Amino acid sequence: MKSTLMTIVSVPLVLAACASHKPAPTATMTETRGCCMVAMPAGESSAVSPAIADALRAALEDERRSEAFYTAVMEVHGQVRPFSNIVRAERQHQSVVVALMERHGVPVPQAGALDIPDVASTLRECKRAAAQAERDNIALYDTLIPTIKEPDIRQAFLGLQAASRDHHLPAFERGL
């Protein structure tokens, strides 16, 4: 089955710049309302093992958790950077994982209640918690990536991890 999603021929992932992100030097640039974008890698529709389905669900839940926390921070502290930029990126990251799940026949779970940190009274403490959330995200992908054999899922997970490691984490750490 052919995908109607974006396919990158020369580069497996696309990163677009936003105020808190510097694009990877080898990435193809695309402007998308100023937020970080990891594009859907090309791939074939195929069934995956239960372990890979679990990995996709874990990735989606983690991306949803980050979005929920960053949104909660903005509800308390207003539309402040880097939260306002990165929350859009987290939504886009979720769309990549959902598209992979759909491509590979993995049912997409409904968003449910998520265990997120309490929103601190200061932005500094919120940034500290957000930086830890990004470190946890990087560690999750460190665990998941070695188990992934499907090229499109592996490429997407590498791109999602790189966005956290190279863009989101440094943006939150700059505020500390």
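**Close-up views of a four-helix chain**

**View 1. Gly105 and the helix before it.** Gly105 follows H2 and has a positive phi, near 70 degrees. Helices are DSSP runs of H or I with at least four residues, strands are runs of E with at least two, and both are numbered from the N terminus. The model is predicted, so local features need pLDDT of at least 70 and side-chain atom pairs count only at pLDDT 80 or more, while totals for chains, interfaces and linings use all residues. Residues are numbered from 1 along each chain as its sequence is written, and side-chain values use heavy atoms, leaving out hydrogens and water.

**View 2. Helix H2, residues 83-103.** Of the 21 residues of H2, 17 are buried (under 20% relative accessible area, 1.4 Å probe, protein chains only), so H2 is largely enclosed by the rest of the structure. The end C-alpha atoms of H2 are 30 Å apart, which agrees with the 30 Å expected at 1.5 Å a residue; the expected span is 1.5 Å times one less than the number of residues.

**View 3. Helix H1 (residues 50-77) against helix H3 (residues 123-144).** Their axes, lines fitted to C-alpha atoms over the stretch in contact, come within 11 Å and cross at roughly 175 degrees. H1 is therefore roughly antiparallel to H3 (angle over 145 degrees, on a scale from 0 to 180 between N-to-C directions). Residues of H1 in contact (heavy atoms within 4.5 Å) with H3 include Phe69 and Tyr70, and the H3 side includes Leu140 and Tyr141.

**View 4. The whole protein chain.** The chain has four helices and zero strands, and buried residues make up 48% of its 176 residues.

Conventions
Buried means under 20% relative accessible area, exposed over 50%, partly exposed in between (1.4 Å probe, protein chains only). Angles under 35 degrees count as roughly parallel, over 145 as roughly antiparallel, 65 to 115 as roughly perpendicular and the rest as oblique.
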